[in-house]
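Please read these remarks with the model open beside you, and look up each residue as it comes. They are written as a colleague's notes, for someone meeting a structure of this kind early in their studies.

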Amino acid sequence: MRNGSKVLIVGGGIGGLVAALALRRLGIDVVVFEQALELSEIGSGITLWTNAVKALRHLDAEDVVGASDNFIERGELRSWHGDVLVITAVGKIGRQLGAPSVCLHRAVLQREIFRKLEPGIVRLNSACIRVEQDSQRVTAYFSNGRSEHGAVLIGADGLRSIVRASLFGSRPPRYLGHTCYRGIITFPVSILPLGYAFESWGPSRRFGAIRLDPERVYWFANVNTAPDQFDPNPGGTLQAEFEHWHKPIPDIIHSAQDAPILRHDIYDRKPVKRWGLGRVTLLGDAAHPMTPDLGQGACQAIEDSVVLAECLHRVEDPVAALREYERRRWRRVSGIMKRSSFQAWIGHRTSPLVCQVRDFLMKTSPAAFMEGAYKVNVLFDP
């Protein structure tokens, strides 16, 4: 892309900010438009697997993941009774592949990436309402009456992307049949040690936890339910759903009663090859929203950012650069979307008998096969 050409990014989440960081590292002018009034501290935990950490390292930004206190060494999949079904040597695999996996607070990660950008790159209180383009430029229009021109526009504005709707029309995402509760609590390291993560499966429900640091734990709970249900007492709901599950799940839920509990219905879209038109493309959840079951949503957005920036830097024609980015990314992303959706499906079976068979198959699968399946998700060579 020619010097002096400007890239517009709609969306100041992790994907949008990392894309801006990747572009600035290559000397490309960029402006990020975020609809929020401020980048707040609201949020839950986030896992960055080896692939995302390697991508951040490629951008000289690995320091945003923090100290080794949050490096993941061991992950376990359990039944709701507590039987260990699968053990994944996350730390060992990370050392083989050249980067750790980590868990940290989503808002902290967003803040640290924001701090790496020059002042003025991120413009808050800028809600995009539509996008138009011609053969020479693309224009974003905002609810405050302003507009901005650029050579390229990247829609990093999430599941219900305005940019996506401007390109392809407004089509609702697909509801997966369950909702996810999340939170961060203070919890004894003697009960849930550093470097350890677990997820437990039962009929129509799942629960997981992972340590953020020596003081805090990030937890999540998925429950089958209809969409758009208001829950006035999420703590009570969780107590009723998980009171008979193995320890420390009831203790974690008890500790969560006095802390904020987030609740989000789980949606995705079917994988598609076409992410953009002309001078516009999509990134992260705007392009390929996936279930959180593999923890790869933000990781794939970070990978997108690295590849997109390099395509725009290397290819002079911006339209050709965007199409090359899409060609390079869609196959890997679509594979992860399908695996993530399948894991959501298999993890939320309702029949106790089906769940027993599922758990037996998971427990008797060879360790090398399970580790190989995990490596497919975290392999990324920037």
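The numbered points below take up sheets, helices, loops and backbone angles in turn.

1. A word of care comes before the rest, since what you are looking at is a predicted model. Please keep this in mind when you read the angles and distances below.

2. The open sheet is a good place to begin, and its five strands follow the order β7-β2-β1-β11-β17 with parallel pairing. Strands β7 and β17 (280-282) stand at the edges and have a single partner strand each, so one side of each is left without a neighbour in the sheet. Within this sheet, β1 (residues 6-10) and β11 (residues 152-155) run in the parallel sense and are joined over four bridges, and in that pairing valine 7 has valine 152 of β11 as its bridge partner.

3. An antiparallel pair offers a useful contrast in reading, for strand β4 (residues 74-79) and strand β5 (residues 84-88) pair in the antiparallel sense over four bridges. Arginine 78 has valine 84 in β5 as its bridge partner. The hairpin of β4 and β5 has four residues between the strands, and there glycine 82 takes a positive phi near 110°.

4. Just ahead of that hairpin, glutamate 73 deserves a look, as it sits in the loop between α2 (50-58) and β4. Which residue is 122 places away from glutamate 73 in sequence, yet 4.8 Å away in space, C-alpha to C-alpha? That residue is glycine 195, and glycine 195 also appears among the contacts of glutamate 73, together with Thr88, Ala89, Val90, Gly91 and Arg95, when neighbours within four places in sequence are left aside. Glutamate 73 counts as partly exposed because its relative accessibility is 37%, which falls between the limits of 20% for buried and 50% for exposed.

5. Helix α4 (residues 106-115) shows how one helix can have a buried side, for Ala107, Leu109, Gln110 and Ile113 are buried there. Why can these four be placed on the same side of α4? The reason is that they cover an arc of only 160° around the axis. The elements that cover the buried residues of α4 include α1 (14-25), β3 (45-48) and β6 (102-105).

6. Alanine 127 lies in the loop between β7 (122-123) and β8 (128-133). Although 15 residues separate alanine 127 from phenylalanine 142 in sequence, their C-alpha atoms are 5.3 Å apart in space. Once residues up to four places away in sequence are left out, alanine 127 touches Gln35, Tyr141, Phe142 and Ser143.

7. Some backbone angles should be checked with care, because most residues other than glycine have a negative phi, and most peptide bonds are trans. Serine 204, in the loop between β13 (196-202) and β14 (205-211), has a positive phi of about 65° although it is not a glycine. Aspartate 228, in the loop between β15 (216-224) and α6, likewise has a positive phi, near 60°. Is each of these two residues buried or exposed? Serine 204 is buried, with a relative accessible area of 16%, whereas aspartate 228 counts as exposed at 65% relative accessibility.

8. The peptide bond that leads from lysine 247 to proline 248 is cis, with omega near 5°. Proline 248 belongs to the loop between α6 (234-242) and α7 (249-255), and isoleucine 249 is found in helix α7. Isoleucine 249 counts as buried because its relative accessibility is 0%. Leaving out residues up to four places away in sequence, isoleucine 249 touches Phe198, Ser200, Phe207 and Phe242. Tryptophan 219 is 30 residues from isoleucine 249 in sequence, and the C-alpha atoms of the two are 9.3 Å apart in space.

9. The last point concerns the surface, where Leu353, Val357, Phe360 and Leu361 make a nonpolar patch of about 420 Å². Valine 357, one of the residues of this patch, has its place in helix α10 (residues 352-364), and it is partly exposed, with a relative accessible area of 44%.

Notes: Residues numbered from 1 in each chain as written. Predicted model: local features only at pLDDT ≥ 70, side-chain atom pairs only at ≥ 80, totals over all residues. Heavy atoms only, no water. Patch = residues over 30% accessible without salt bridge, like charges linked within 9 Å, V, L, I, M, F, W, Y side chains within 5 Å. Areas by Shrake-Rupley, 256 points an atom, 1.4 Å probe, with all protein chains shown as cover. Salt bridge = Lys/Arg side-chain N within 4 Å of Asp/Glu carboxyl O. Helix = DSSP H or I, 4+ residues; strand = E, 2+ residues; numbered from the N terminus. Buried < 20%, exposed > 50% of the residue type's maximum accessible area, 1.4 Å probe, protein only. Pairing = 2+ DSSP bridges. Contact = heavy atoms within 4.5 Å. Arc of directions from axis to C-beta.
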